[in-house]
Amino acid sequence: MDTLAAMLPAKLLADEVDEQEAAAAILKCKSLQVVAHIEQPARHMPVVDVADIKQKLKQLLRAVDPHPKIVSMRDMKGMGWTVR
């Protein structure tokens with residue numbers, strides 16, 4: 001939410017032209033998608049339940065994206081970016 005709130009000031013006040021253009025493009029979009037990239041070590045204790053994180057994101061960001069996604073390197077199918 002803080003990143004979204006920073007887009008209007010960035011569009012108007014950023015020193016870098018690239019930052020202004022990126023903020024302007026974001027402000028023109030008609031929809032946003034929330035994607036959290038989470039990697040857990042194989043021997044992570046306690047194991048973080050991805051379903052709990054997804055439920056919390058749904059609660060906190062429902063006005064932005066009612067269907068957030070949680071991905072890891074194993075399931076990046078359909079994402080417009082990659083992780084190495």
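1. A residue counts as exposed when its relative accessible area is over 50%, as buried when under 20%, and as partly exposed in between. The model discussed here is predicted. Met 1 has a relative accessible area of 55%, so Met 1 is exposed. Met 1 sits in the segment before H1.

2. Leu 4 belongs to helix H1, which covers residues 2–5. With a relative accessible area of 33%, Leu 4 falls between the two cut-offs and is therefore partly exposed.

3. Which residues form a nonpolar patch on the surface? Met 1 and Leu 4 do so together with Ile 26 and Leu 32. The accessible area of these four residues together is about 330 Å². A residue needs over 30% relative accessible area to be part of a patch; Leu 4, at 33%, is above that value.

4. The largest pocket holds about 190 Å³ of space. Its lining consists of Met 1, Thr 3, Leu 4, Met 7, Ile 26, Leu 32, Gln 33, Val 34, Leu 61 and Val 64. By class, 8 of the lining residues are nonpolar and 2 are polar, and no charged residues are found there. Met 1, Leu 4, Ile 26 and Leu 32 thus appear both in the nonpolar surface patch and in the lining of the largest pocket.

5. Met 1 and Leu 61, which both line the largest pocket, are 60 residues apart along the chain. Their C-alpha atoms are separated by 7.7 Å.

6. Is Val 34, another residue of the pocket lining, buried or exposed? Val 34 is buried, because its relative accessible area of 16% is under 20%. Val 34 lies in the loop between helix H3 (17–28) and strand S1 (35–37). From Val 34 to Asp 49 the chain runs 15 residues, and the C-alpha atoms of the two are separated by 18 Å.

7. Ala 22 is placed in helix H3. Its relative accessible area is 40%, so Ala 22 is partly exposed. Ala 22 and Gln 55 are 33 residues apart along the chain, with 29 Å between their C-alpha atoms.

8. Glu 16 is located in the loop between helix H2 (7–13) and H3. At a relative accessible area of 48%, Glu 16 does not pass the cut-off of over 50% and so is classed as partly exposed. Glu 16 and Val 47 are 31 residues apart in sequence, and the distance from C-alpha to C-alpha is 41 Å.

Note on methods
Residues are numbered from 1 along each chain as its sequence is written. This is a predicted model: local features need pLDDT of at least 70, side-chain atom pairs count only at pLDDT 80 or more; totals for chains, interfaces and linings use all residues. Side-chain values use heavy atoms; hydrogens and water are left out. Patches are made of residues with over 30% relative accessible area and no salt bridge: like charges are joined within 9 Å, nonpolar side chains (Val, Leu, Ile, Met, Phe, Trp, Tyr) within 5 Å. Accessible areas come from the Shrake-Rupley method with a 1.4 Å probe; for residues, only the protein chains shown count as cover. A salt bridge is a side-chain nitrogen of Lys or Arg within 4 Å of a carboxyl oxygen of Asp or Glu. Helices (H or I, at least four residues) and strands (E, at least two) are DSSP runs, numbered from the N terminus. Buried means under 20% relative accessible area, exposed over 50%, partly exposed in between (1.4 Å probe, protein chains only). On a 1 Å grid over the protein atoms alone, a cavity is a set of points where a 1.4 Å probe fits but cannot get out, and a pocket is an open set with protein on both sides within 12 Å along at least five of seven lines; lining residues have an atom within 4 Å of a point. Grid points are joined across faces, edges and corners, and a volume is the space filled by probe spheres set on the points. Ala, Val, Leu, Ile, Met, Phe, Trp, Tyr, Cys and Pro count as nonpolar, Asp, Glu, Lys and Arg as charged, and the others, Gly among them, as polar.
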